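Here's a quick look at how a couple of helices and one loop residue sit in this model. Have the structure open while you read.

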Amino acid sequence: MGLISLDSVILQSFAYSETSKILRLLTRTHGVRSVIAKGALRPRSRYGGILEPFTDGVATLHLKEGRDLQTLSGFELRRSRQGLGRHLVRFGGASLLGELVLRTASEEAHPELFDAFRRGLDALDRAADAELESAVLAEAWHLIGHLGFAPALDACLACGRAVEPEEATTFDHAAGGIRCPECAPSAPGRPLPPHAREALVRLGRRERVPLERTAAHWQLLRRFLAHHVIEGRELRSLAFLEAALTAA
Ligand SMILES: [Zn+2]
């Protein structure tokens, strides 16, 4: 196989041996791929320290299908996003987006996911401090939609009836949607009042929503992810992020 160039964002980067790094890349056309960057940790490496999480660039590699680890032969920097690493909540939010992609990784092309992930990182890089928490929630829910797990918020899971904006619903984490007031009493779920449901809908559209009880939003996100994206295993970045938000 020949050399190919792939639009990529680095999801993860860790040392391998004394001189090399292994990267997990989200690519525009080849899904998530693992590559080894030989010599990346040498003092005068041609990569010059740019192979860090959230860096955007064009990765050149010898792609051998059927292999788990490809060999990187070059990385042309487009955008480093170093600002994300200098702020705990921004870093935590970006790590959450990255971990969601890694946990659901495939080698299939998913250009919309790639674009949404990059837009998300840029949004977290640029968000004003006052809207940062809302931005992290919005980018996370939006990405969840691109991963194919968007919660059903318009109609009742049980009877299918469209729910009016002012109606009090319940949210069933395991089933991934809401129930109307008539169907709610006979089924599992937690109250999702109209304002919280509206906030969730708007967050999924990447709107910045003024949030009063953010703890409830994090709890809902954590419970939803446990059922639909990560199958019970904790997301390290979510725990980190919640600790960073508490400290902020
Ligand atoms: Zn119903």
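What follows goes through two helices and then a loop position. Keep in mind that this is a predicted model.

Let's start with the lengths of the two helices.

| Helix | Residues in helix | Expected span | End-to-end C-alpha distance |
|---|---|---|---|
| α6 | 12 residues | 16 Å | 17 Å |
| α5 | 15 residues | 21 Å | 21 Å |

For α6, which runs over residues 236-247, the end C-alpha separation agrees with what 1.5 Å a residue would give. Its buried residues are S237, L238 and L241. These three cover an arc of only 100° around the axis, so they sit on the same side of α6. Turn to the face pointing away from that buried side and you'll find the exposed residues R236, A239, A243, T246 and A247. As for what the buried residues of α6 pack against, that's α1 (88-103) and α5 (214-228).

Now for α5 itself. Here H217, L221, F224 and L225 are buried. Looking down the axis of α5, you'd see its buried residues fall within an arc of 100°, so they line one face of the helix. Among the things covering the buried residues of α5 is α3.

Last stop: the loop between α2 (111-126) and α3 (132-146), where A130 is found. Is A130 buried or exposed? A130 has 10 C-beta neighbours inside 10 Å, and the cut-off for exposed is 12 or fewer, so A130 counts as exposed. The C-alpha atoms of A130 and P210 are 9.5 Å apart, although 80 residues separate the two along the chain.

Methods. Residues numbered from 1 in each chain as written. Predicted model: local features only at pLDDT ≥ 70, side-chain atom pairs only at ≥ 80, totals over all residues. Helix = DSSP H or I, 4+ residues; strand = E, 2+ residues; numbered from the N terminus. Expected span 1.5 Å × (residues − 1). Buried ≥ 20, exposed ≤ 12 C-beta atoms within 10 Å, placed from the backbone. Arc of directions from axis to C-beta. Contact = placed C-beta atoms within 7 Å.
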